[in-house]
Amino acid sequence: MVRTVPGRLAASCLLAYLCSACATTAPLLRDDPRFAEGQRRLRATAGRIAGGSELAADEALFIQAEAFYDYRFELKRTRSPGSYLAQTVAAFTDFAPLTVLAASQGLFDLRLRAYDGAAQLFTALASDHPGSRLRPLALYRLGWACRSTSQDGFPCSSRASFGALGREYAGSRLAARASLAERVPSRSLDRATLWSILPGAGQIYAGEVWNGTARLSVGAAFGALALVPVVGMVRARRFGWIPTALSLAGVVGLQVTYTTSYQDAQRAVLDFNEAQEAAFEAAHPELP
């Protein structure tokens, strides 16, 4: 069993990635009475705050999407001791509820999913309000937001959004900058997940070489701890409690390393994409 742990993790990651191609597409919130009621309340509330009339449907939709898009705060690289303890116990016991709890990333999950919400709402605005004055800006925002979405099966493409902006609004300031924005480097959450088959490789892919190298080293050390005692017992043809305990510690450590490396790789991708966007915005302060 010890020898198959990395293989199982690699196979699981690959299977999840392949299955994402046939995952259910996220709906665009059409014909949803609860969403419609939420939009009505949002328009009324925004109008009361502004001291004027109720907002138009496309205006409320854009404000809601913009709120998701701008929901940003500094992501911590360090984890609490309790988080490591929970993941260690989950890896040791393989108890499903505890595993789910240990895998939860708290506020980071909300931070990451905010891009999914922004992309969904910007897409809805662009498709449902083709004549809106806010549609060009929605396509521009969508081009950036799509780079950091994590929802499997969601039809979101940065290149398609920037391309549509350039074709449909040729000559505008946003269209001129969209062709430049399309060439800005980005990193993919899906690819970081695939690279995380090797602990730390996802960080290296996202540009954090030292971070990734350290995680690769830790993963290799735990892998050796898991395998070497077993090999020794096989060669000696003798069972030992101490080698077995050391090997089990290596397996648990390797599982924790895989989990934390995968989660940190997502953070690294988000940091990379947002840094690239911030640099682009600093170079073009005239953009909204």
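**Exercise 1.** Is Cys146 buried or exposed in this predicted model?

*Solution.*
- Start with the relative accessible area of Cys146, which is 9%.
- Buried means under 20%.
- Cys146 is therefore buried.

**Exercise 2.** Find the disulfide, give its handedness and place both partners.

*Solution.*
- Count first: there is one disulfide.
- The bond joins Cys146 to Cys156, with an S to S distance of 1.8 Å.
- This falls within the 2.5 Å cut-off for the sulfur pair.
- Now take the angle about the S-S bond: -95 degrees, a left-handed link.
- Cys146 and Cys156 lie ten residues apart, each in the loop between helix 7 and helix 8.
- Check the partner's burial: Cys156 has 18% relative accessibility, so Cys156 also counts as buried.

**Exercise 3.** Work out which residues of helix 9 are buried, how they are arranged and what they pack against.

*Solution.*
- Helix 9 spans residues 173-181.
- Its buried residues are Leu174, Ala175, Ala178 and Ala181.
- Look down the helix axis: these residues fall within an arc of 115 degrees, so they line one face of helix 9.
- The general rule helps here: an α-helix has 3.6 residues a turn, so residues three or four places apart point the same way.
- Next, the packing partners: the buried residues of helix 9 pack against helix 7 (135-145), helix 8 (158-168) and helix 13 (241-283).

**Exercise 4.** Locate Asp264, judge its burial and find a side-chain partner.

*Solution.*
- Asp264 sits in helix 13.
- Its relative accessibility is 7%, so Asp264 counts as buried.
- The Asp264 side chain makes a polar contact with the side chain of Arg267, at 3.0 Å.

Technical notes
Residues numbered from 1 in each chain as written. Predicted model: local features only at pLDDT ≥ 70, side-chain atom pairs only at ≥ 80, totals over all residues. Heavy atoms only, no water. Buried < 20%, exposed > 50% of the residue type's maximum accessible area, 1.4 Å probe, protein only. Helix = DSSP H or I, 4+ residues; strand = E, 2+ residues; numbered from the N terminus. Arc of directions from axis to C-beta. Contact = heavy atoms within 4.5 Å. Polar contact = N/O pair within 3.5 Å; in protein donor to acceptor, adjacent residues only side chain to side chain.
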